[in-house]
Amino acid sequence: MRIEVTGEAFDDAIEVTTGQQARIVEVSAGLVSSVNGQTGDVSGLATEEDVPALAAPAAEAAASAAVTAHVEADDPHGDRAAAAVDAAAKVEAHRTATDPHGDRAYADTAFLPKAGGILTGPVNGPGTFVVASDGGVTAPSLTLPATATTVSKSLVITAPAGAVSYVVWRAPKACTVVAVRGYRVGGTGATINAQRGASDLLATDLSLSTAGTWLSGPSVQNASFAAGDSLTVAIRSVAGSPTAVTIQVDLQGA
């Protein structure tokens with residue numbers, strides 16, 4: 001009798017049932033002697049050690065595909081809408097917080113607010129620019145804007161008979177002359193000027209050629225006054241016996 005074993009024998013005992021009295025045939029096979037009817041050396045089968053290496057490419061491809069699908073998904077974690085609402089709420093809370101960075105106390109004492117405030121001195125700047133603790137500004141070369149507060153110093157000289165000059169003001173602090181003006185009543189003419197100390201403020205005397213009209217001189221020179229400087233107004237000439245001549249000097253920063 002010939003028995004063909006086509007698989008691994010888990011037990012060398014083979015029971016053959018023929019419907020007659022059972023017989024037990026002992027087969028000492030040990031290892032598989034053939035696979036699918038093939039005998040001889042078996043090749044091409046993976047060992048247990050080969051399995052990880054053989055499985056790695058497929059696992060890597062599957063992982064890459066999963067990462068790509070995750071990155072390209074509109075809402076891979078299912079929390080996009082909730083996260084947007086939460087972020088918006090946190091930004092609004094930060095914007096409206098009284099002290100979101102915890103430095104308000106320091107900032108309030110170190111900086112002026114956006115809406116403005118009072119700058120307390122002393123403050124030093126370039127050159128001779130200084131703001132004193134009382135708010136006074138020392139800046140002989142400072143050119144103030146047209147919107148700055150302007151003060152005027154003037155003198156009415158009645159019935160002038162000829163050239164005459166008068167000291168009318170002492171500058172209490174640094175300031176700038178922005179204009180010299182004149183007004184004549186009666187007569188046929190007059191010329192005027194003003195001075196800082198002994199220096200003329202107008203390069204050319206101002207002619208009061210039209211009576212009853214305020215006239216302004218040409219560009220001002222020697223305009224920067226320091227504290228203690230004297231302002232002088234002067235009639236340089238008259239014609240036709242004017243009744244009165246008014247000389248006015250406009251200053252900024254005084």
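Colleague: Is Asp 250 buried or exposed, and how do I read that from its relative accessible area?

Modeller: Anything under 20% relative accessible area counts as buried. In this predicted model, Asp 250 has a relative accessible area of 6%, so Asp 250 is buried.

Colleague: Which residue forms a salt bridge with Asp 250?

Modeller: The idea is a side-chain nitrogen of Lys or Arg within 4 Å of a carboxyl oxygen of Asp or Glu. Here the partner is Arg 181, with the closest N and O atoms 2.6 Å apart. The two ends come from distant parts of the chain: Arg 181 sits in strand β8 and Asp 250 in strand β15, 69 residues apart. Arg 181 is partly exposed, at a relative accessible area of 28%.

Colleague: How many salt bridges does a search of the whole structure find?

Modeller: The search finds six. Another one of them joins the side chains of Asp 229 and Arg 196, at 3.9 Å from N to O. Asp 229 lies in the loop between β13 (224-225) and β14, while Arg 196 is in strand β9, so this pair ties together parts that are 33 residues apart in sequence. Arg 196 is partly exposed, with a relative accessible area of 23%. Asp 200, Asp 205 and Arg 236 are also joined into one network by salt bridges that share partners.

Colleague: What separates Asp 86 and Lys 90 in helix α2?

Modeller: They are four residues apart in helix α2 (residues 80-96), which means a separation of about one helical turn. Their side chains meet in a salt bridge of 3.1 Å, N to O. Asp 86 is partly exposed at 38% relative accessibility, whereas Lys 90 counts as exposed at 55%.

Colleague: Back to the strand that holds Asp 250. What should I look for on the faces of β15?

Modeller: The general idea is that in a regular strand the side chains alternate between the two faces of the sheet. In β15, both faces are covered. One side carries Ala 244, Thr 246, Gln 248, Asp 250 and Gln 252, the other Val 245, Ile 247, Val 249 and Leu 251, and all are buried. Put as a count, nine of the nine residues of β15 are buried.

Colleague: Which strand do nine bridges join to β15, running antiparallel?

Modeller: One such strand is β6 (residues 150-158), joined to β15 by nine bridges. Strand β8 also pairs with β15 in the antiparallel sense, again over nine bridges. Gln 252 is a handy place to see both pairings: Thr 150 stands opposite Gln 252, and Gln 252 is also the bridge partner of Thr 176.

Colleague: How many residues does the largest nonpolar core have?

Modeller: As background, nonpolar side chains tend to be buried together in soluble globular proteins. The largest nonpolar core here has 22 residues, and those with the most contacts inside it are Val 177, Leu 201 and Val 249. Two or more residues each come from β8 (175-185), β9 (189-196), β14 (230-239) and β15 (244-252). β15 gives the most, with four residues. If you select Val 249, leaving aside neighbours within four places in sequence, its contacts include Val 151, Val 177, Ala 194, Leu 201 and Leu 231.

Colleague: How is the aromatic pair of Tyr 183 and Trp 214 described?

Modeller: A pair of aromatic rings is described by the distance of the centres and the angle of the planes. For Tyr 183 and Trp 214 the centres are 5.3 Å apart and the planes stand at 50°, so the pair is tilted. Tyr 183 is in strand β8 and Trp 214 in the loop between β11 (206-207) and β12 (215-216), 31 residues apart. Both are partly exposed, Tyr 183 at 25% relative accessibility and Trp 214 at 44%.

Colleague: In which order do three strands form an open sheet?

Modeller: The order is β3-β4-β5, with antiparallel pairing. β3 and β5 (137-138) stand at the edges with a single partner strand each, so one side of each is left without a neighbour in the sheet. β3 pairs with β4 (residues 130-131) over two bridges, and Val 123 in β3 (residues 123-124) stands opposite Val 131.

Note on methods: Residues numbered from 1 in each chain as written. Predicted model: local features only at pLDDT ≥ 70, side-chain atom pairs only at ≥ 80, totals over all residues. Heavy atoms only, no water. Core = buried A, V, L, I, M, F, W, Y, C linked by side-chain atoms within 4.5 Å. Buried < 20%, exposed > 50% of the residue type's maximum accessible area, 1.4 Å probe, protein only. Contact = heavy atoms within 4.5 Å. Pairing = 2+ DSSP bridges. Phe/Tyr/Trp six-rings, centres within 6.5 Å; stacked < 30°, edge-to-face > 60°.
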